[in-house]
Amino acid sequence: MAPAPATPEATVTAFLAAVDSNAADRLAALWGTERGPLVFPNTRQRDLRIGTILGMLRHDSFRFVPVSGSVTVPEGRRLLHVEMTRDDHRATVPFTVVAQRSGGWLVENIDLEAAM
C-alpha cells in the first residue's frame with residue numbers, strides 16, 4: 001500500500017485521481033481517521049460506500065477554492081473546498097482531511113450532499 005500523502009492538498013488530489021481511475025482499493029486506503037485507513041467490517045459494506053463515493057465524485061475537472069468565512073475545525077484536521085465540474089454542473093465540495101498519527105493525511109469526511 002502506498003503511504004498517505006504528506007499534505008492535505010496532495011491527499012485530496014490522490015483521492016480524486018482514484019475516483020477518476022475507479023481505483024476502489026486506493027480510495028479506501030486514503031479514507032480514514034488519525035489512526036489510519038478505515039477497516040470496513042466486510043467487503044460488501046466497503047463496496048457500497050466506495051461505490052457511492054465513486055459515483056458522486058466523478059468529475060471532468062477540479063480546483064481548490066478558498067474557504068469563505070470563519071470555519072473552525074478540530075485540531076489535526078483541515079477543511080478544503082474543492083470546486084468540481086462535470087459536464088455543465090459545478091459544485092463546491094468540502095473535504096475534511098485528518099493528520100495520521102503515523103504521518104501523512106487521509107480524507108476523513110466529504111460533504112457528498114454538496115456534490116449533488
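A salt bridge here is a side-chain nitrogen of Lys or Arg within 4 Å of a carboxyl oxygen of Asp or Glu. With that cut-off, Asp25, Arg46 and Asp47 turn out to be linked in a network of salt bridges. Keep in mind that this is a predicted model. The protein has four helices and six strands, and a search of the whole structure turns up seven salt bridges.

**Overall build**

- Going along the sequence, the elements come in the order α-α-β-β-α-β-β-β-β-α.
- The radius of gyration is 14 Å, close to the 13 Å that the globule rule gives for 116 residues, so the protein is as compact as a globular protein of that length.
- Taken along the principal axes, the box filled by the C-alpha atoms is roughly 35 × 30 × 20 Å.
- If you count contacts between residues at least 6 apart in sequence, 51% of them join residues at least 24 apart.

**Surface and charge**

- Buried residues account for 40% of the 116 residues.
- The protein exposes about 6700 Å², and carbon and sulfur atoms supply 50% of that area.
- There are 12 positive and 13 negative charges, and their mean positions sit 5 Å apart.

**Salt bridges**

- Side chains of opposite charge can pair when their charged atoms come close.
- One such pair is arginine 78 with glutamate 9, at 3.1 Å from N to O. This one links distant parts of the chain: arginine 78 is in strand β4 (residues 77-86), glutamate 9 is in helix α1 (residues 8-20), and 69 residues separate them.
- Arginine 78 counts as partly exposed, at 35% relative accessibility, and glutamate 9 is partly exposed too, with a relative accessible area of 30%.
- Glutamate 108 pairs with arginine 77, with the closest N and O atoms 2.7 Å apart. Glutamate 108 lies in strand β6 (residues 105-110) and arginine 77 in strand β4, so this bridge ties together parts that are 31 residues apart in sequence.
- Glutamate 108 is partly exposed at 22% relative accessibility, and arginine 77 is partly exposed at 22%.
- Back in the network, the side chains of arginine 46 and aspartate 47 meet at 3.5 Å, N to O. Aspartate 47 is partly exposed, with a relative accessible area of 42%.

**Histidine 81**

- Histidine 81 sits in strand β4.
- Its relative accessible area is 15%, which is under the 20% cut-off, so histidine 81 counts as buried.
- Leaving out residues up to four places away in sequence, histidine 81 touches Arg63, Phe64, Val65, Pro66, Val67, Thr92, Val93 and Pro94.

**Positive phi angles**

- Most residues other than glycine have a negative phi, which makes the next two worth a look.
- Asparagine 22 has a phi near 55°, a positive value in a residue other than glycine. You'll find asparagine 22 in the loop between α1 and α2 (24-29), and at 54% relative accessibility it counts as exposed.
- Aspartate 87 also has a positive phi, near 55°, and is likewise a residue other than glycine. Its place is the loop between β4 and β5 (89-99), and aspartate 87 is exposed, with a relative accessible area of 64%.

Definitions and conventions: Residues numbered from 1 in each chain as written. Predicted model: local features only at pLDDT ≥ 70, side-chain atom pairs only at ≥ 80, totals over all residues. Heavy atoms only, no water. Helix = DSSP H or I, 4+ residues; strand = E, 2+ residues; numbered from the N terminus. Rg over C-alpha atoms; globule rule 2.2 N^0.38 Å. Buried < 20%, exposed > 50% of the residue type's maximum accessible area, 1.4 Å probe, protein only. Contact = heavy atoms within 4.5 Å. Areas by Shrake-Rupley, 256 points an atom, 1.4 Å probe, with all protein chains shown as cover. Lys, Arg positive; Asp, Glu negative; His and termini not counted. Charge placed at Lys NZ, Arg CZ, Asp CG, Glu CD.
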